[in-house]
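I opened a new page for this chain. My plan is to start with one loop residue, then step back to the whole fold, then go into the details.

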Amino acid sequence: GRAICLSLADEGIELTIHGGHDRDKLDNLCRIIAAKGRTVRGIIKKIEKAEDLLDEIKPLLPFDIVVLAFGPFLKNSIADTDGTVWRKMAELNYVLPAMLITFCLPSMLKKKYGRFILFGGTGTEIIQGYRTTSAYSAVKTALGVLAKSVALAFNGITCNVIAPGFIKTGQYSSADIEKISADIPAGRFGEPDEIAELVRYLVSPSGDYINGAILPIHGGIRF
């Protein structure tokens, strides 16, 4: 998210950033962006259901560009996944993106312009089975249907899904990076800036004809 915000700020885009739960990191990012002469607003809001975010951003509408780089991850077998977990995965990884699109569409339709970028999961550009991430991956895969539905229905509004592979986000140890990189044809993890550059392209005039796409960016790894 940070790299994407910095990249879009360089394009002169006014930003509203939801910063998760870390106020210090959010404030630091906003200061960096403001120092570039850009307008930026930061929001800290714990999200347990879709309405938590929608209620927060309602006074800030309209938005021309929406990038949703969010969604709790879960590693668990189907046999050990109870109803509460299934509902949480669906609520935050599918219902939230879907409602956010519905929420932002009216103003976009008036302008006949809008950009949605959603984030799927690793390998969710195709339908396949998962041994330990089925709840998470199932709803992330469903984002492709959502994006293609938006692309089909609305002229001037694009909706695409990025399905990132292993990216250097700080959640992996050096040992993990070395081990996993051996299985990646590119021989390395992706950089956050590579994701940010893709987002910047998709929201630019050059990306206008890319719509309803599910774009894996994973160095060629197969799952």
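**Entry 1: K112.** I am working from a predicted model. I looked up K112 to start. K112 is exposed, because its relative accessible area is 64% and the cut-off for exposed is over 50%. I then placed K112 on the chain: the residue lies in the loop between α4 (83-111) and β4. I also checked the backbone there. K112 has a positive phi of about 55°, and K112 is not a glycine.

**Entry 2: the fold.** How many helices and strands does the chain have? I found seven helices and six strands. Reading along the sequence, I wrote down the pattern α-β-α-β-α-β-α-β-α-β-α-α-β.

**Entry 3: size and surface.** I looked up the radius of gyration next. The chain has 17 Å, and a compact globule of 223 residues would have a value near 17 Å, so the two agree. Along the principal axes, the C-alpha atoms fill a box of roughly 45 × 35 × 35 Å. Of the 223 residues, 39% count as buried. The exposed area comes to about 12200 Å², and carbon and sulfur atoms supply 54% of it.

I noted the contacts too. I took those with a separation of 6 or more, and 71% of them come from residues 24 or more positions apart. Then I turned to charge. There are 26 positive and 24 negative side chains. The centres of the two sets lie 3 Å apart.

**Entry 4: strand β5.** I moved on to β5, residues 157-164. How many of its residues are buried? The count is eight of eight, so I noted the strand as mostly covered. Next I asked which way the side chains point. In a regular strand, side chains alternate between the two faces of the sheet. In β5, I157, C159, V161 and A163 point one way. T158, N160, I162 and P164 point the other way. Both sets are buried.

I then looked up how β5 pairs with β4. The two strands run parallel, and six bridges join them. One position I marked is R115, which stands opposite T158 in β5.

**Entry 5: F119.** I stayed with β4, which spans residues 114-119 and includes F119. Is F119 buried or exposed? I read a relative accessible area of 10%, so F119 is buried, the cut-off being under 20%. I listed its contacts, leaving out residues up to four places away in sequence. F119 touches several residues of β5, among them V161, I162 and P164. Other partners include I4, V67, L68, A69, K140, L143, I195 and V199. I also looked up one distance. F119 and G144 are 25 residues apart along the chain, and their C-alpha atoms are separated by 9.7 Å.

**Entry 6: S7.** I went back to the start of the chain for S7, found in helix α1 (residues 2-10). S7 counts as buried because its relative accessibility is 6%. Which residues does S7 contact, beyond its neighbours within four places in sequence? I found A196, E197 and R200.

**Entry 7: a cis bond.** My last look-up was the peptide bond between L61 and P62. That bond is cis, with omega about 10°. P62 is found in the loop between α3 (50-57) and β3 (65-68).

Key: Residues numbered from 1 in each chain as written. Predicted model: local features only at pLDDT ≥ 70, side-chain atom pairs only at ≥ 80, totals over all residues. Heavy atoms only, no water. Rg over C-alpha atoms; globule rule 2.2 N^0.38 Å. Buried < 20%, exposed > 50% of the residue type's maximum accessible area, 1.4 Å probe, protein only. Contact = heavy atoms within 4.5 Å. Areas by Shrake-Rupley, 256 points an atom, 1.4 Å probe, with all protein chains shown as cover. Lys, Arg positive; Asp, Glu negative; His and termini not counted. Charge placed at Lys NZ, Arg CZ, Asp CG, Glu CD. Pairing = 2+ DSSP bridges.
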